[in-house]
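Thanks for asking me to look this one over. Here are my notes, set out as numbered points so that you can follow along on screen.

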Amino acid sequence: MLSSTLTKGVSRRLLANATRNKQHGRQLHQKIVRPALLSKPIAGQFIGRRNFSGARVHSSHSKPPVSDAVSFASELARTGAKLDVKKVLVVGSGGLSIGQAGEFDYSGSQAIKALKESNIETVLVNPNIATVQTSHELADHVYFSPVTPEYLAQVIERERPDGIMLAFGGQTALNCGVQLNKMGVLDKFNVRVLGTSVRTLELSEDRDLFASALKDIGIPVAHSVAVDTVEDALKAAEEIGYPVIVRSAYALGGLGSGFAGSAAELAALGSQSLALCPQILVEKSMRGWKEVEYEVVRDAQDNCVTVCNMENFDPLGVHTGDSIVVAPSQTLSDAEYHMLRTAAIKIVRHMGVVGECNVQYALNPHSMEYCVIEMNARLSRSSALASKATGYPLAFVAAKIGLGWTLPELQNSVTTTTTACFEPSLDYVVTKIPRWDLAKFNHVSRDIGSCMKSVGEVMAIGRTFEESLQKAIRSVDPSFAGFAPLPGLTPNDKELEEMLRSPTDRRLFYLAYAMIERGYSVDRLHEITAIDRWFLYKLENICEVHRALRDPHQTLQNLTRAQLETAKRTGFSDAQIARLTNATEDGVRAARAAFGLRPFVKRIDTLAGEFPAPTNYLYTTYNAATDDVSFGDRGTMVLGSGVYRIGSSVEFDWCGVSAIRALRQLGHKTIMVNYNPETVSTDFDECDRLYFDELSYERVRDIYELEQSSGVIVSVGGQLPQNIALRLHNNQVKVLGTSPEMIDAAEDRHRFSQILDRIGVDQPAWKELVSVEDAESFAESVGYPVLIRPSYVLSGAAMNVAYDHAMLREHLGLAAAVSPEHPVVVTKFIRGARELDIDAVAHNGELIVHAVSEHVEDAGVHSGDASLILPPANLSGEVMDRVREIGRKVAAAFEISGPFNMQIIMQTQGDEVLLKVIECNLRASRSFPFVSKVTDTNFVDAATRAIVGEGVPKPQNLMQGKWPFTAIKVPQFSWTRLAGADPFLGVEMSSTGEVACFGKTPEEAYLVSLLSTNGFRLPAPGKSIYVGVDDLTDPRIAQKVAAHFAQAGYPILTDCEATRSVIGEGSRVVKLDYTDRHALRDAVFANNIDFVVNLAKRRPEGKLDTNYCMRRMAVDFAIPLVNDQRCAEMLVDALDALPKGTSTAVYGSQPLNIETPVAVKTWREYLEMRNVD
């Protein structure tokens, strides 16, 4: 049982942890001028608001005192710019990819809010249609165009902005800015770079120049050499000594970086890295040192503050994007902290940064020795984390500084009583943990290192590290209980040592296994992992409570109040406690209630409670005795999407923000619950109350009961809120909109099928089977191919298409044991069919609005990886009416009030068109932002009104009438980040983002959309096209694609005689040796391969498959890849359809501009084309 000694001991350590944080924050605060309390109140003082037009201003009832000086300065900053600029171009980051994700939607949105508040006309270029920043409420002019120097030059010539902001669109925007400067575009059109200068950006990005600049001011950098060839890299390594780390210039998220312990490893790594970027830095490895980061803000008057410092849980060797990060730092001494803080300010001043930047250090854990790793002279992923961790709006302040304002002139948005010239003090701990989806990919190593692989991140707030860490672990995935071994994790001694020594995406759980199940000591673990002992002792605190709770004599019934409180203060969830005491989660909740134990609500106030801060930015904790807020508003709760992952990303943040804005327009008080620091929905100026907390059943119910909420919206945050909807409903939580019982019916394959049969809606033949023999029998009865969908697989590569008996056996083997406990759903797979998406909104079962999108790819490609055409290019009016009728029937049958989405298979049999429903989700989908912006009708706004039953729009058919334009959404992949992953499109989603562009025709829209994706470009004149096929490839398409490129003057190369025989004469066979990376790179250059078209449709059996090797080669050497036959056909159709004319560059032998083949238009111009017609 939990002894009283243990209870007291753990509690004492927990409280000491919280005290340390607050004291550390107070030291920070005292290093600069303490903000004075201000004397004179102003009526209607804003709280946490920055006066942008996208949400209603809410005011304080307490009316904190404000001084005339701060009020006057803040008012000036709101009404204009010190610099003479009237119109500003903001450069976005494009499609979400690993290393450059939703954090740039947040920072870009902040920048536009700051510009609008200053009455400056804004122009935004960003093809990422799923973002909040590309909504009508923000920028005045939005271009869904490629973020390339050439397209930006067109926009600049057209719009004639006074200034350009490059710091809010990640590495993409920064690189474009540098190129625009080199091209002379900025000088030609008198465009001023606002904030940090291009020269400073170049200094910070060029590894050699940056190292030289730091040496000038006596700041230590690692021994390194900048090179641009493999040969020079090998010479540099000989001089420095192995092991070395390779870092890439002008790259994001450690792309192309890695460790090399020998010349052979360096040659292979260097070949790949130099294919991805022009310069690499060969640097002495400091693996095992601490990694620390400082976020710094500086204005043009040299006022400089360090807003947040963060520390990696993992020692150097793991990219900070893949590391657990803690703020504020916990293991630095006061001397170390101030040494690095002083160095950061010195660097930022010397480099001339104007705005925000971060400085990353390697710190020797055994001395005061340190080295600077890098500096990002722009907003970054960690800037969003630091903003949410401290409440200090870094992007907003950086934008204001870019307009010429200084830190003392800007208001602290959280306190509203102090200026922005302060350093936040924290009386809590923030923990960030990455989210990986590596299990979704074949042949991908789970090792993590210097090249970032994570697709998202969570942030948790607690009063102790233990509480914060456990909240963060659960937020990464609902299946994670907390800091505990994963079920079924039983490594032997050798495996355990290896998993601890070599970081993987599961190392935290191996640590838990070693400590809880194998009794590893802190010292032993420190010796193996080099993780700081302070962190390991905190983990041991959790393990003590874990072991005590699972004691055979410990039951829920004999758990005392003190023991239960200790567990909750250590971050244990009700479900975790229930599992360890053989109880139920509801039983633990009842025991808590009987003891009067509940979480307390605390504010993020940036000043550790030292000054009044009437903020709406909240979190819950058990390490407190009082609430910071009162309850009684009875606000409507909106559940956010949680962590970004493959399948759920920024599009659901747009949905959440849209729902909040709609509720506020209807006069509702709003409560947002989310824990993703990359999001706009977790910006505290979007809602009346923001709870930065878990989206679990336990926490949602806690907040619902504390706030006495009027209801919960679960249908705009993706699958995560949907998963707890029925349980909330069954426990007296008012779930608004479509009944959770109907949501459950749509999720249940049997009930869903029965309802479709009842209303006369067709579906493909399917059966749930419990043996391999039954699966084979069903496949023979319906005919191959069939789709295998194991019901117990949440993610991974087990869902596959089997084209014959052997493939069925193979894929069922991947799906593990098929049994009554683990049934498998086998569905008839319809070959050669097309897939349609219908996004819709209904109210009380009546269809209000809908949009129909057509996939470019054949059915069999996951809808999240498909290219969507809106309006459909190949559907008759009769088919469109039938699709609408299916939507109407489904809305009525499921009594839908709110959003829903369906996928429909369209199959042509002679003159007959068959429509079969394959999936239905009674929630907003990934494509809601796309269809909303193309139809100029906010589907989530309509859905929110339908959910609450207020201001419901009248039914209308948006698909009727003429469409003088087309929009196409295409996927953004991150194959370069995932070494070994097969760039193959199938039934498992693998894209990390999306972009969408408009055009007068489908071909025009498709070409511009492709050019908007990172890594795609048209082949350069005179280069070669490398083509691969298999036995499932349509020969007609292969021949058409090869013929187009051949006629355009490109040599056609094939991998074998069989491929050459398919595509016809005029091609040449070039066999490549994929086993020798160095020789492969030489062969690629020797044969001028500049574009790869691989149309194979059969999933390879292993890594020796030549089609897999061809696709992987393209990715590894940054060669554009087309890997779907329908996409390849549409690409050549688009190129054929373009008008010929003079240009600065030619495509093949034709005078077509390969950089900007389609002229730019704003989003509004396209929408007005339809209004005119």
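Are Phe-480 and Phe-509 buried or exposed? Both of them are buried, and I come back to this pair in point 6. Please keep in mind throughout that this is a predicted model.

1. **The overall picture.** The protein has 1173 residues, and 67% of them count as buried. Its secondary structure comes to 38 helices and 40 strands. About 38,800 Å² is exposed, with carbon and sulfur atoms supplying 49% of that area. Among contacts with a separation of 6 or more, 73% are made by residues 24 or more positions apart.

2. **Helix H8, the buried face.** Have a look at H8, which spans residues 207–216. Arg-207, Phe-210, Ala-211, Ala-213 and Leu-214 are buried here. Viewed down the axis of H8, these buried residues fall within an arc of 160°, so they line one face of the helix. A general reminder may help: an α-helix has 3.6 residues a turn, so residues three or four places apart point the same way. On the other side of H8 you will find Lys-215 and Asp-216, which are exposed.

3. **Helix H8, its neighbours and ends.** What do the buried residues of H8 pack against? Their partners are helix H7 (198–205), helix H11 (334–351) and three strands: E9 (244–248), E11 (280–284) and E16 (370–376). At the start of H8, a side-chain oxygen of Asp-206 comes to within 3.1 Å of the backbone nitrogen of Asp-208. After the helix comes Gly-218, with a positive phi near 75°.

4. **Helix H27, for a second example.** H27 covers residues 772–782, and its buried residues include Ala-775, Glu-776, Phe-778 and Ala-779. These four cover an arc of only 165° around the axis, which puts them on the same side of H27. Notice that Glu-776 is buried, whereas Glu-773, Glu-780 and Ser-781 are exposed on the other side of the helix. H27 is followed by Gly-783, whose phi is positive, near 90°.

5. **Aromatic pairs: Phe-313 and Phe-535.** The structure holds 25 aromatic pairs. In one of them, the ring centres of Phe-313 and Phe-535 are 5.3 Å apart and the planes are at 55°, so the pair is tilted. Phe-313 lies in the loop between strands E13 (304–312) and E14 (325–327), while Phe-535 belongs to helix H18 (residues 533–549), so the pair ties together parts that are 222 residues apart in sequence. Both Phe-313 and Phe-535 are buried.

6. **Aromatic pairs: Phe-480 and Phe-509.** Back to the opening pair: the rings of Phe-480 and Phe-509 have centres 4.6 Å apart and planes at 55°, so this pair is tilted. Phe-480 is found in the loop between helix H14 (465–476) and helix H15 (493–501), and Phe-509 in helix H16 (residues 507–516), so the pair links distant parts of the chain, 29 residues apart.

7. **An aromatic cluster and two charges over rings.** Which residues do ring pairs link into a cluster? The members are Phe-144, Trp-963, Phe-965, Phe-998, Trp-1163 and Tyr-1166. Trp-963 has a further partner in Arg-1170, which lies over its face at 3.6 Å from the ring centre. Elsewhere, the charged end of Lys-388 sits over the ring of Tyr-106, 3.9 Å from its centre.

Key
Residues are numbered from 1 along each chain as its sequence is written. This is a predicted model: local features need pLDDT of at least 70, side-chain atom pairs count only at pLDDT 80 or more; totals for chains, interfaces and linings use all residues. Side-chain values use heavy atoms; hydrogens and water are left out. Helices (H or I, at least four residues) and strands (E, at least two) are DSSP runs, numbered from the N terminus. Buried means under 20% relative accessible area, exposed over 50%, partly exposed in between (1.4 Å probe, protein chains only). Contact means heavy atoms within 4.5 Å. Accessible areas come from the Shrake-Rupley method with a 1.4 Å probe; for residues, only the protein chains shown count as cover. The arc is that of the directions from the helix axis to the C-beta atoms. A polar contact is a pair of N or O atoms within 3.5 Å; within protein, one must be able to donate a hydrogen and the other to accept it, and residues adjacent in sequence count only if both atoms are side-chain atoms. Rings of Phe, Tyr and Trp (its six-membered ring) pair if their centres lie within 6.5 Å; planes under 30 degrees apart count as stacked, over 60 as edge-to-face and the rest as tilted. A charge sits over a ring if NZ of Lys or CZ of Arg is within 6 Å of the ring centre and within 35 degrees of the ring normal.
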